[in-house]
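Hi,

Here is the structure I promised to pass on. Have a look at it first, and my notes on the side chains come after.

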Amino acid sequence: MSSPPSDPLPDVPGTGHPRNPGPLGRAVAVLLRALRRRGKPLARRAGSRQRLGHDLDACRQERDRWRRHADSYERELTRTRHERAHLLAWLAALHPSSAVLTPDVGSGPDGPHLLCVEAGGRQLSWRLAPADLPLFAHVPYAQPVIPDSPAPPDQTAHIRRHTRLLAMEGTLFGATAETWAAVMPLRPGEH
């Protein structure tokens, strides 16, 4: 783009004297000054466009990186949920006398179900996704029971206490006399 000539504006009818232009001449002068100013920062604008292009590429790379992280977390969550379902099916097989499946309260037959197992004198329950129900074909169905108490005690704390009790029971009653003799040697005078 060539720069406009620096000569005074030509005489245009109605514009007045060249040194004192009329409204049309003043408008042309303002436009020419604006075009001159706009032409100078073209290099700066091209640089800012290039910088914006680099920023956009960096943002896209960052988005793709976070998408890969989200996909990885989703795969790990799916694997963990699948493993949880298998462990619950195994737990139900270990407790065949108390394990039952019930439809979740407020859901239909195709909705989530609850696996209920009695352990340590208390009923425990876990929500199961409909996709996991084929793993529980060995568990009988029962009608949903609406609990009498509004909020049952902490199930996780009960499981911890019951696990600790079972571990102590296994240690106490599962050890042989030789194991106890190695752990607790007899004091003098005891036979």
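Below is what turned up on charged pairs and rings.

Please keep in mind that this is a predicted model. Searching the whole structure gave five salt bridges, while the same kind of search for aromatic pairs came back with zero.

Let me start with Arg65. Its side chain meets that of Glu62 in a salt bridge, at 2.7 Å from N to O. The two residues are three apart in helix H2 (residues 42-94), so about one helical turn separates Glu62 from Arg65. Both ends of this bridge are partly exposed: Glu62 has a relative accessibility of 35%, and Arg65 has 32%. Arg65 also lies over the face of Trp66, 5.0 Å from the ring centre.

Between those two partners in the numbering you will find another bridge, in which Arg63 pairs with Asp64 and the closest N and O atoms are 3.1 Å apart. Arg63 is partly exposed at 43% relative accessible area, and Asp64 is partly exposed too, at 29%.

Further along, Glu76 and Arg79 form a salt bridge whose closest N and O atoms are 2.7 Å apart. Here again the spacing is three residues within helix H2, so Arg79 and Glu76 sit about one helical turn from each other. Arg79 counts as partly exposed at 45% relative accessibility, as does Glu76 at 40%. This pair is part of something wider: salt bridges with shared partners link Glu76, Arg79 and Glu83 into one network.

Happy viewing, and best wishes!

Technical notes
Residues are numbered from 1 along each chain as its sequence is written. This is a predicted model: local features need pLDDT of at least 70, side-chain atom pairs count only at pLDDT 80 or more; totals for chains, interfaces and linings use all residues. Side-chain values use heavy atoms; hydrogens and water are left out. Rings of Phe, Tyr and Trp (its six-membered ring) pair if their centres lie within 6.5 Å; planes under 30 degrees apart count as stacked, over 60 as edge-to-face and the rest as tilted. A charge sits over a ring if NZ of Lys or CZ of Arg is within 6 Å of the ring centre and within 35 degrees of the ring normal. A salt bridge is a side-chain nitrogen of Lys or Arg within 4 Å of a carboxyl oxygen of Asp or Glu. Helices (H or I, at least four residues) and strands (E, at least two) are DSSP runs, numbered from the N terminus. Buried means under 20% relative accessible area, exposed over 50%, partly exposed in between (1.4 Å probe, protein chains only).
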